[in-house]
Amino acid sequence: MAEIIEITGNTNPNNSKWQPYQGEEIEGLLKHKGFTDSTGNINATGDRVIDETFKILEMCGNPAEQQNVETGLVIGYVQSGKTLSFTSVAALANDNQYQIVIIIAGTSIPLSEQSFERMKKDLRYENRYDRKWTIIKSPRTQEDRDTIQMKLEQWADPTFPKENCSTILMTVMKNSQHLLNLTNILRGIDFINVPTLIID
């Protein structure tokens, strides 16, 4: 029996659902990675990465909308730059005030650790003093839960400066116990009006 799959959505050229904002985080990531010309501006290769990143994020939920659920699939070859791709998507999500990014990466401890360390390095996490990111690896403790709740309360507080709010970046290994730990940590937290991006 034949099955017909219909692609639905907007009628614009990219079938995008919204228009992300290109800010300092995605630009800082690409400059740190060396995608610059002789004047220090982002070069053609970096522009191509930004373009591909936009095509991914604009198909995800608009963080300005109160409710949406979007699921997408991005396919890449081995050694095709998937880590850079999902790190760029996370950076662009940060620029657009996503409050939570969850990255499920690696089916073993060494692979998961490798992805985590590279992402932390690419985001310059240990070499900067702003509050753009709060990174939690394999969340499982009460302290992790308290940190998540505190950061979300800052986002929800209209008197707290948005430039001081952190995107919570959680990384977890693709393993049943690790995913269960994450589920238990997040259970009971109010996620209404909390834009969240999950990258698996």
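**Helix packing, cores and loops in a predicted model**

In helix H1 of this predicted model, the buried residues are Glu-25, Ile-26, Gly-28, Leu-29 and Leu-30. These buried residues of H1 pack against three helices and a strand, namely H2, H3, H4 and S2. Just past the end of H1 comes Gly-34, with a positive phi of about 90°.

It helps to set H1 within the overall fold. The protein has 6 helices and 4 strands, and along the sequence these elements follow the order α-α-α-β-α-β-α-β-α-β. Of its 200 residues, 43% count as buried. Among contacts with a separation of 6 or more, 75% link residues 24 or more positions apart. The accessible surface amounts to about 12400 Å², and carbon and sulfur atoms account for 50% of that area.

The interior can be followed through its nonpolar cores. In soluble globular proteins, nonpolar side chains tend to be buried together. Here the largest nonpolar core holds 31 residues, and Leu-57, Val-101, Ile-103, Leu-169 and Leu-197 are the members with the most contacts inside it. Two or more residues each are supplied by the helices H1 (24-32), H2 (44-57), H3 (82-95) and H4 (109-122), and by the strands S1, S2 and S4 (196-199). H3 makes the largest contribution to this core, with 7 residues. A second core, separate from this one, has 14 residues, including Ile-102, Ile-104, Ile-168 and Leu-186.

Leu-197 gives a good view of the surroundings of one well-connected core residue. Beyond its neighbours up to four places away in sequence, Leu-197 touches Leu-57, Cys-60, Val-89, Ala-93, Tyr-98, Ile-100, Val-101 and Ile-102. One of these partners, Cys-60, has a relative accessibility of 17% and so counts as buried. Cys-165 is likewise buried, its relative accessible area being 6%. A search of the whole structure finds 0 disulfides.

Helix H6 offers a second clear case of helix packing. Within H6 (residues 176-186), Leu-182, Ile-185 and Leu-186 are buried. Viewed down the helix axis, the buried residues of H6 fall within an arc of 90°, so they line one face of the helix. The cover over these residues includes strand S1 (100-104), helix H5 (142-156) and strand S3 (167-172). At the start of H6, a side-chain oxygen of Asn-175 comes to within 2.9 Å of the backbone nitrogen of Gln-177. At the other end, H6 is followed by Gly-188, which has a positive phi near 90°.

Among the strands, S2 (residues 133-137) is worth a closer look at Thr-134, which lies within it. Thr-134 is buried, because its relative accessible area of 10% is under the 20% cut-off. The side chain of Thr-134 makes a polar contact of 3.4 Å with that of Ser-166. Apart from neighbours within four places in sequence, the residues in contact with Thr-134 are Tyr-125, Thr-147, Lys-151, Ser-166, Thr-167, Ile-168 and Leu-169.

Several loop positions complete the picture. Pro-63 sits in the loop between H2 and H3 and, at 17% relative accessibility, counts as buried. Setting aside neighbours within four places in sequence, Pro-63 is in contact with Trp-18, Asn-96, Gln-97, Tyr-98 and Pro-195. Tyr-98 also appears among the residues that Leu-197 touches. Pro-63 and Pro-20 are 43 residues apart along the chain, and their C-alpha atoms are separated by 9.4 Å.

Two further loop residues draw attention through their backbone angles. Most residues other than glycine have a negative phi, and most peptide bonds are trans. Ser-138, though not a glycine, has a positive phi of about 45°. Ser-138 belongs to the loop between S2 and H5 and is buried, with a relative accessible area of 15%. Asn-193, also not a glycine, has a positive phi of about 60° and is found in the loop between H6 and S4. With a relative accessibility of 42%, Asn-193 counts as partly exposed, whereas Ser-138 is buried.

Methods. Residues numbered from 1 in each chain as written. Predicted model: local features only at pLDDT ≥ 70, side-chain atom pairs only at ≥ 80, totals over all residues. Heavy atoms only, no water. Disulfide = S-S within 2.5 Å. Buried < 20%, exposed > 50% of the residue type's maximum accessible area, 1.4 Å probe, protein only. Arc of directions from axis to C-beta. Contact = heavy atoms within 4.5 Å. Polar contact = N/O pair within 3.5 Å; in protein donor to acceptor, adjacent residues only side chain to side chain. Areas by Shrake-Rupley, 256 points an atom, 1.4 Å probe, with all protein chains shown as cover. Core = buried A, V, L, I, M, F, W, Y, C linked by side-chain atoms within 4.5 Å.
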